[in-house]
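Trainee: Please show me the model. I want to know how each label is earned.

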Amino acid sequence: LVSIINGLINDTRPLNLPQCHLAALERQIFDFLGYQWAPILANFLHIIVIILGLFGTIQYRPRYIVVYSIWTALWVAWNVFIFCFYLEVGGLSKDSDLMTFNISMHRSWWREHGPGCVRKELTASASKSLDDRTYISVTGCIVDFQYLEVIHSSFQILLSLVGFVYACYVVSVFTEEEDSFDFIGGLDSFTCHAPQKPSHVQLTPVYLSK
C-alpha cells in the first residue's frame, strides 16, 4: 500500500514547475536589459516561490505547495496589470515611468530590439540635446513592443493557471496519504484480540486389565 501511494505521488508532481522557472528566468533577463525595476523585483519573488514549490513537492511539504498556490493567484493579478499597462487600459500609459519606479526613462527592451526593428541614432545637428530619448529612431518592427510584452504576460498567466491546478491536486494527494496512514495506524492501535482460554488438560491414569 505504501509503495502504491508513493507511486501516485511521484506521478502527480507538478511537472510544469521547471518550465515556469525557465520562463521566469527568460523574462527576468529581458527585464534586466530594459532596466524595468518593478518587473525585476516581481520576477525575483516569482523564482523564489517556484523553488519553494519544487522543494515542497520533492520533500512532501504540502504547506510550501499551498504557498506556491497562493502566489500563483498574485502572479496572475500582476500579469493582468502588465497586460493592461501596455495596452493602456484603465488610464494607464505604456510611456510612463511606472515600471522603473520613476528613477529612469528606460522602456521595455523590446521597444528597440524587437523582431525586425532597425535602431538608428540621429545626428547631433538634429537637436540641441543628445540625452533625450527622442533621438533614437526605431523602424521596421514586425511586432510592436507592447504586444510582445502582452504575449509574455499571457504565457505567464497560462503557466500559472496550469501550475495552480497541479499544485492543488498534489496537495489533495498528500492530504489523502496522511489520512490513509492515520487510518491504518488507528486500526493497529485498536486491534481486537479474541480472549484465549487457558488450556489446562487434566490427566487421569488409565489402567489396562490383562
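**Labels and their reasons**

Mentor: Start just after H4: there Glu88 takes a positive phi of about 55 degrees. Keep in mind that this is a predicted model.

Trainee: Why point out a positive phi at all?

Mentor: Because most residues other than glycine have a negative phi. Tyr60, just after H3, also takes a positive phi, of about 60 degrees.

Trainee: Which loop holds Tyr35, and what is its phi?

Mentor: Tyr35 lies in the loop between helix H2 (17–33) and H3. Its phi is near 55 degrees, positive in a residue other than glycine.

Trainee: Is Tyr35 buried, exposed or partly exposed, and how do you know?

Mentor: The relative accessible area of Tyr35 is 39%. Buried needs under 20% and exposed needs over 50%. Tyr35 falls in between, so it is partly exposed.

Trainee: What makes Asn102 exposed?

Mentor: Its relative accessible area is 60%. The cut-off for exposed is over 50%, so Asn102 passes. This residue lies in the loop between H4 and helix H5 (110–113). Asn102 is not a glycine, yet its phi is positive, about 60 degrees.

Trainee: Now the helices. How do you know that the span of H4 agrees with its number of residues?

Mentor: Helix H4 covers residues 62–86, which is 25 residues. At 1.5 Å a residue they should span 36 Å. The end C-alpha atoms are 36 Å apart, so the two agree.

Trainee: How does H3 do on that test?

Mentor: H3 has 22 residues, and 32 Å is expected. From first C-alpha to last, H3 reaches 32 Å.

Trainee: Why are H3 and H4 called roughly antiparallel?

Mentor: Their axes cross at roughly 155 degrees. Angles over 145 count as roughly antiparallel, so the pair qualifies. The axes come within 8 Å, and the crossing is left-handed.

Trainee: What classes of residue make up the contact of H3 with H4?

Mentor: There are 15 nonpolar, 5 polar and no charged residues in the contact. Remember that Gly counts as polar here.

Trainee: Which residues are buried in the two helices?

Mentor: In H4 they include Trp71, Trp75, Ile82 and Phe85. In H3 they include Ile40, Ile47, Val49 and Ile50. Polar names appear too: Asn79 is buried in H4, and Asn43 is buried in H3.

Trainee: What makes Ile65 buried?

Mentor: Its relative accessible area is 2%, and buried means under 20%, so the label holds. Ile65 is in helix H4.

Trainee: Which residues does Ile65 touch, leaving out those up to four places away in sequence?

Mentor: Ile65 touches Gly53, Gly56, Thr57, Ala167, Val170, Val171 and Phe174. Among these, Gly53, Gly56 and Thr57 are buried residues of H3. As for Leu54, it is 11 residues from Ile65 along the chain, with 8.0 Å between their C-alpha atoms.

Trainee: Why does Gln146 count as buried?

Mentor: At 11% relative accessibility, Gln146 is under the 20% cut-off, so buried applies. Gln146 lies in helix H6 (residues 145–189). Beyond its sequence neighbours within four places, it is in contact with Tyr86 and Lys94. Tyr86 is itself buried in H4.

Trainee: What makes Lys120 partly exposed?

Mentor: Lys120 has 48% relative accessibility, and exposed needs over 50%, so partly exposed is the label. Lys120 belongs to strand S1 (residues 118–121). From Lys120 to Val138 is 18 residues in sequence, but 6.3 Å C-alpha to C-alpha.

Trainee: And Gly116: where is it, and which label does it get?

Mentor: Gly116 is in the loop between H5 and S1. At 43% it lies between 20% and 50%, so it counts as partly exposed. Beyond four places in sequence, Gly116 is in contact with Thr139, Gly140, Cys141 and Ile142. Its C-alpha is 5.4 Å from that of Ile142, which is 26 residues away in sequence.

Trainee: How many helices and strands does the chain have, and in what order?

Mentor: There are 6 helices and 2 strands. From the N terminus they run α-α-α-α-α-β-β-α. Buried residues make up 32% of the 210 residues. Of contacts between residues at least 6 apart, 66% join residues at least 24 apart.

Notes:
Residues are numbered from 1 along each chain as its sequence is written. This is a predicted model: local features need pLDDT of at least 70, side-chain atom pairs count only at pLDDT 80 or more; totals for chains, interfaces and linings use all residues. Side-chain values use heavy atoms; hydrogens and water are left out. Helices (H or I, at least four residues) and strands (E, at least two) are DSSP runs, numbered from the N terminus. The expected span of a helix is 1.5 Å times one less than its number of residues. Buried means under 20% relative accessible area, exposed over 50%, partly exposed in between (1.4 Å probe, protein chains only). Axes are lines fitted to C-alpha atoms, for helices over the stretch in contact, and angles run from 0 to 180 degrees between N-to-C directions. Angles under 35 degrees count as roughly parallel, over 145 as roughly antiparallel, 65 to 115 as roughly perpendicular and the rest as oblique. A crossing is left-handed if the near helix is turned anticlockwise from the far one by less than a right angle, and right-handed if clockwise. Contact means heavy atoms within 4.5 Å.
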